[in-house]
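Here are a few notes from my pass through this one. Have the viewer open while you read.

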Amino acid sequence: MVAPVTRRGFLGFAGVAAASISLPNLTALPMPAVFRRRASRPAAVSSANGLRAVARAMELLLQGRDTLDAAVEGVKIQELDPADNSVGYGGLPNEDGVVQLDASCMHGPTKRAGAVAALEGIKTPSEVARLVLLYTNHILLAGEGAKRFALSYGFKEEDLLTPESRQLWLEWRANRGPDDDWLDMPAKTPMVARPTGTINLDVVNAAGDVSSVTTTSGLAWKLPGRVGDSPIVGAGQYTDNDVGAAGSTGRGESNIMVCGGFLTVEQMRRGMKPTDACLATLKRVLAQSPARLLLADGRPRFDLKFYAVNKRGELGAASMYPGQYAAHDGREAALRDAAFLFQRPG
């Protein structure tokens with residue numbers, strides 16, 4: 001028969017049992033990790049033609065302006081510059097001599113995006129893309145519909161060709177082949193060269209809010225209606241407010257094939273620094289490139305660059321071949337050398 005146990009007896013027994021247990025040395029055990037949110041610092045990263053853009057964006061960020069507004073105001077400098085024939089006014093046209101512009105943007109805090117493609121007659125497609133983001137339930141408007149949308153907000157339709165960009169197109173058209181009906185003219189650049197150009201700008205403010213924008217006139221002398229990566233959310237640029245932002249310039253078709261903006265941000269989500277994330281995406285591009293785009297030694301016949309900034313304000317860029325990018329680290333705007341995969345063919 002089991003003797004009854006009183007409350008006092010049970011507590012006494014429990015105390016003796018506890019005293020007899022050999023406890024481990026707690027000071028010798030690893031302590032659990034405590035993650036603290038690291039402070040962000042304002043930063044802006046852009047393509048090499050964006051030195052003025054990063055300076056303007058940083059000026060606005062330090063004034064407390066929204067990150068997307070700062071990014072759009074930055075790239076507008078190039079869109080309105082007739083000397084930059086890669087974007088906006090003065091951009092090089094398609095094979096019919098018509099300038100068709102593309103742009104996209106993302107706003108990290110609201111998780112929204114906007115884009116326009118094959119937009120004609122409007123100098124600043126980045127502004128139109130922002131309006132798509134702000135006032136519609138859509139993301140991408142194209143062609144005539146994109147132009148009507150812009151005109152409804154008061155934009156003025158204008159001829160985007162400058163005398164210089166028109167002359168370049170005339171020379172290209174004349175020199176396409178020896179048997180056409182156009183007289184050959186001295187060309188400023190070899191006919192095999194098809195200029196590409198874009199501006200991407202990615203920014204983060206002191207609160208850690210992130211935005212990105214990419215705008216372009218696309219590949220010179222392209223087929224009418226051709227759309228590259230710039231207006232494709234996830235390719236030409238991508239933002240995740242928990243991680244950072246990334247964008248690109250260069251051969252758009254190759255970027256579209258790997259969703260390069262999104263992939264670069266995902267590499268940062270996994271812990272990669274911005275430059276390493278850009279390099280990793282370039283390696284994926286190379287692996288996805290068909291043989292016709294590669295030299296005999298495996299190097300690409302094209303160039304492609306990625307730019308990235310994370311939520312902390314760390315930034316970087318990488319390209320297939322040596323090049324530069326524009327950056328503002330909160331102290332100064334400067335051109336920096338990008339990391340790269342290959343030396344240029346000799």
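1. Keep in mind that this is a predicted model. A good place to start is the pairing of Leu-201 with its bridge partner in S6, Val-213. That bridge belongs to the antiparallel pair of strand S5 (residues 198–204) and strand S6 (residues 210–216), joined by seven bridges.

2. Zooming out, the sheet is open and has eight strands with mixed pairing, in the order S4-S3-S2-S6-S5-S1-S11-S12. Its edges are strand S4 (140–142) and strand S12 (333–337), each paired on one side only. On average, neighbouring strands are turned by 15° against each other, direction ignored.

3. Now the helices. Helix H3 (residues 67–79) packs on the sheet and touches strand S2 (101–107), S5 and S6, with its direction at about 20° to that of S6. Helix H4 (residues 125–135) lies across S2, strand S3 (112–119), S4 and S6, and runs at about 135° to S3.

4. I'd look at the aromatics next: there are five aromatic pairs. Tyr-238 and Phe-262 form an edge-to-face pair, because their planes stand at 80°, with the ring centres 5.1 Å apart. Tyr-238 sits in strand S7 (residues 237–240) and Phe-262 in helix H8 (residues 260–269), 24 residues apart. Tyr-238 is buried at 18% relative accessible area, while Phe-262, at 35%, is partly exposed.

5. The pair of Tyr-321 and Phe-342 is tilted, with planes at 45° and centres 6.2 Å apart. Both residues are buried. Elsewhere, ring pairs link Tyr-135, Phe-149 and Tyr-153 into a cluster.

6. Finally, two charges over rings: Lys-123 lies over the face of Tyr-89, 4.3 Å from the ring centre, and the charged end of Arg-251 sits over the ring of Phe-302, 5.8 Å from its centre.

Conventions
Residues are numbered from 1 along each chain as its sequence is written. This is a predicted model: local features need pLDDT of at least 70, side-chain atom pairs count only at pLDDT 80 or more; totals for chains, interfaces and linings use all residues. Side-chain values use heavy atoms; hydrogens and water are left out. Two strands pair if DSSP finds at least two bridges between them. Helices (H or I, at least four residues) and strands (E, at least two) are DSSP runs, numbered from the N terminus. Axes are lines fitted to C-alpha atoms, for helices over the stretch in contact, and angles run from 0 to 180 degrees between N-to-C directions. Contact means heavy atoms within 4.5 Å. Rings of Phe, Tyr and Trp (its six-membered ring) pair if their centres lie within 6.5 Å; planes under 30 degrees apart count as stacked, over 60 as edge-to-face and the rest as tilted. Buried means under 20% relative accessible area, exposed over 50%, partly exposed in between (1.4 Å probe, protein chains only). A charge sits over a ring if NZ of Lys or CZ of Arg is within 6 Å of the ring centre and within 35 degrees of the ring normal.
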